[in-house]
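The following account is intended to be read alongside the sequence and the coordinates. It begins with the interior and proceeds outwards to the sheets, the contacts between parts, and a few individual residues.

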Number of protein chains: 2
Amino acid sequence: MKFYDYGMAPSPRKVRMVIVEKGLDIPTEMIDLAQGEQFSDAFRAVNPHCTVPALSLDEGQVLTESEAICRYLEEAHPEPPLFGRNALEKAQITERIRQLELDGYLAVAEALRNTAPYFKDRALPGTESYAQIPELGERGRQRTQAFFSKLNQQLENKQHEWIASDDFSMADILAYIIVDFAKRIKLSPAEDLNALHQWMASIDQRASAQA
Amino acid sequence: MKFYDYGMAPSPRKVRMVIVEKGLDIPTEMIDLAQGEQFSDAFRAVNPHCTVPALSLDEGQVLTESEAICRYLEEAHPEPPLFGRNALEKAQITERIRQLELDGYLAVAEALRNTAPYFKDRALPGTESYAQIPELGERGRQRTQAFFSKLNQQLENKQHEWIASDDFSMADILAYIIVDFAKRIKLSPAEDLNALHQWMASIDQRASAQA
């Protein structure tokens, strides 16, 4: 098994946090996205989509979507569970993941991809060229602010120890990474969003957050 | 258990197909989105996000994301499996689902939501108001066409009986629904995309496709 990683990007970081939470030791290779190394012939042979993370399995298959990789690691190494212990918990965590992706991750990604000069003509991930849409960038920024407020409110009213269950879960990892990812568009939660800051601080302490 | 459904929309249809594939019988209530019934007080009490599908569980919780609902039904009724039989199959199906959603479902949804007069100021699902972005609508149409070609190519080169495994899976259900959903933006696969048309025809025969 081999993990293709890149320090700065949110999706590989999600996988890194899962690896540390589960106490796994997986050989890792860095793909320097800032240098365009994802478009090299060597990496194209691993992942034709030219994206990280990627997980190359011993059987020869390569997984190239972070959620697929995280769920694979969960199946192969169930403890500690990050996707829930029973049907209801699993559904509730899946549901929070979907909402976090649509309302949070995509908001930040849209803002970044449609405004940063670095992503000119690469407004979507992958090998196809798409022009930036400034209006979409602006909408992404607004949605990111709305996401912070909503997340804070949900944390104030939460019925579990963590975001989606009494166990620390994939929903916490994803939300934590999104808030950090928003630094790339120079946005961070307002100081008075106390529940959000408290929850962030409790994750900052975990070894996986340093990975 | 109660399933909140609406005939025309793609996400509830996904759940309906899962219900039929698994041979389940779940009490169902129609929420007429065309009449704005999702914004009624009665439905808001079930799902404050004002979206269908929703699945109200006997324990009182309500699931409101189609993927969470489908995975819940899979956990509760594992046969026939729609998300894979082992860790590798599960990861490969999850991976295809993610790609289909990002490249297919979101492309059609962006085109529809950003061009149809019906969705004026509701360019994103839910209760918040977002203005349409015509450029995003146009990009969605282009991406939908690219999606058809890519799906056809993937079906030509597929290594399994179906899209992501030798079993008919959630990836087939999702892709089938996306191609149908594209009719809402008046796009359908070109006649010469043979592998795509053949695969569609084989799903048309299934009872779940009529649901």
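In the largest nonpolar core, which has 50 residues, the members that touch the most other members are A:Val108, A:Met170, A:Ala171, A:Leu174, A:Ala175 and A:Ile178. At least two residues of this core come from each of β1 (2-5), α1, β3 (54-56), α3, α4, α5, α6 (170-181) and α7 (194-204) of chain A. Both domain 1 (2-76) and domain 2 (87-210) of chain A contribute, with at least three residues from each. A:Leu174 may serve as an example: apart from its neighbours within four places in sequence, A:Leu174 is in contact with A:Lys14, A:Ile97 and A:Leu100. A second core, separate from the one just described, comprises 48 residues, among them B:Ile19, B:Ala68, B:Leu73 and B:Ala107.

The model under discussion is predicted. For chain A the average pLDDT is 95, and 100% of the residues score at least 70. For the complex, the predictor gives an ipTM of 0.91 and a pTM of 0.94.

The domain assignment divides chain A into domain 1 (2-76) and domain 2 (87-210). Taken over C-alpha atoms, the centres of these two domains of chain A are separated by 20 Å. Their contact involves 11 residues of domain 1 of chain A and 10 residues of domain 2 of chain A. On the side of domain 1 of chain A that touches domain 2 of chain A, helix α1 (residues 10-21) of chain A provides the largest share, seven residues. By class, the residues on that side of domain 1 of chain A are six nonpolar, two polar and three charged.

Helix α3 of chain A merits separate attention. Nine of the 11 residues of α3(A) are buried, and the helix is therefore largely enclosed by the rest of the structure. The buried residues are A:Ser66, A:Glu67, A:Ala68, A:Ile69, A:Cys70, A:Arg71, A:Tyr72, A:Leu73 and A:Glu74. Which elements cover the buried residues of α3(A)? The cover includes α1, β3, β4 (62-63) and α6 of chain A, together with α4 (87-113) of chain B.

That last element leads to the contact between the chains. Here 23 residues of chain A are in contact with 23 residues of chain B. On the side of chain A that touches chain B, α3 (66-76), α4 (87-113) and α5 (134-156) of chain A each supply at least two residues. The greatest contribution to this side of chain A comes from α4(A), with eight residues. The side of chain A that touches chain B contains 10 nonpolar, four polar and nine charged residues.

The strands may be considered next. Strands of a sheet pair through backbone hydrogen bonds, in either a parallel or an antiparallel sense. In chain A, β1(A) and β3(A) run antiparallel and are joined by three bridges; within this pair, A:Lys2 has A:Ser56 of β3(A) as its bridge partner. β1(A) is also joined by three bridges to strand β2 (residues 28-30) of chain A, and these two run parallel. A:Asp5 stands opposite A:Met30 in β2(A).

In chain B, four strands form an open sheet of mixed pairing, in the order β2-β1-β3-β4. β2 (28-30) and β4 (62-63) of chain B lie at the edges with a single partner strand each, so one side of each has no neighbour in the sheet. Strand β1 (residues 2-5) of chain B pairs with β2(B) in the parallel sense over three bridges, and B:Asp5 stands opposite B:Met30 in β2(B).

B:Asp5 appears again in the surroundings of B:Arg16, a residue of helix α1 (residues 10-21) of chain B. Not counting residues up to four places away in sequence, B:Arg16 touches B:Asp5 and B:Ala211. Is B:Arg16 buried or exposed? B:Arg16 has 21 C-beta neighbours inside 10 Å and therefore counts as buried. The C-alpha atoms of B:Arg16 and B:Ile173 are separated by 10 Å, although these residues are 157 residues apart along the chain.

A:Ala34 provides a contrasting case. A:Ala34 is located in the loop between β2 and α2 (41-46) of chain A. With 10 other C-beta atoms within 10 Å, A:Ala34 is exposed. Its C-alpha atom and that of A:Met8, 26 residues apart along the chain, are separated by 9.2 Å.

Conventions
Residues numbered from 1 in each chain as written. Chains lettered and ligands numbered in written order. Predicted model: local features only at pLDDT ≥ 70, side-chain atom pairs only at ≥ 80, totals over all residues. Pairing = 2+ DSSP bridges. Domains from an automatic or database assignment. Contact = placed C-beta atoms within 7 Å. Nonpolar A, V, L, I, M, F, W, Y, C, P; charged D, E, K, R; others polar. Core = buried A, V, L, I, M, F, W, Y, C linked by C-beta atoms within 7 Å. Buried ≥ 20, exposed ≤ 12 C-beta atoms within 10 Å, placed from the backbone. pLDDT = per-residue confidence, 0-100.
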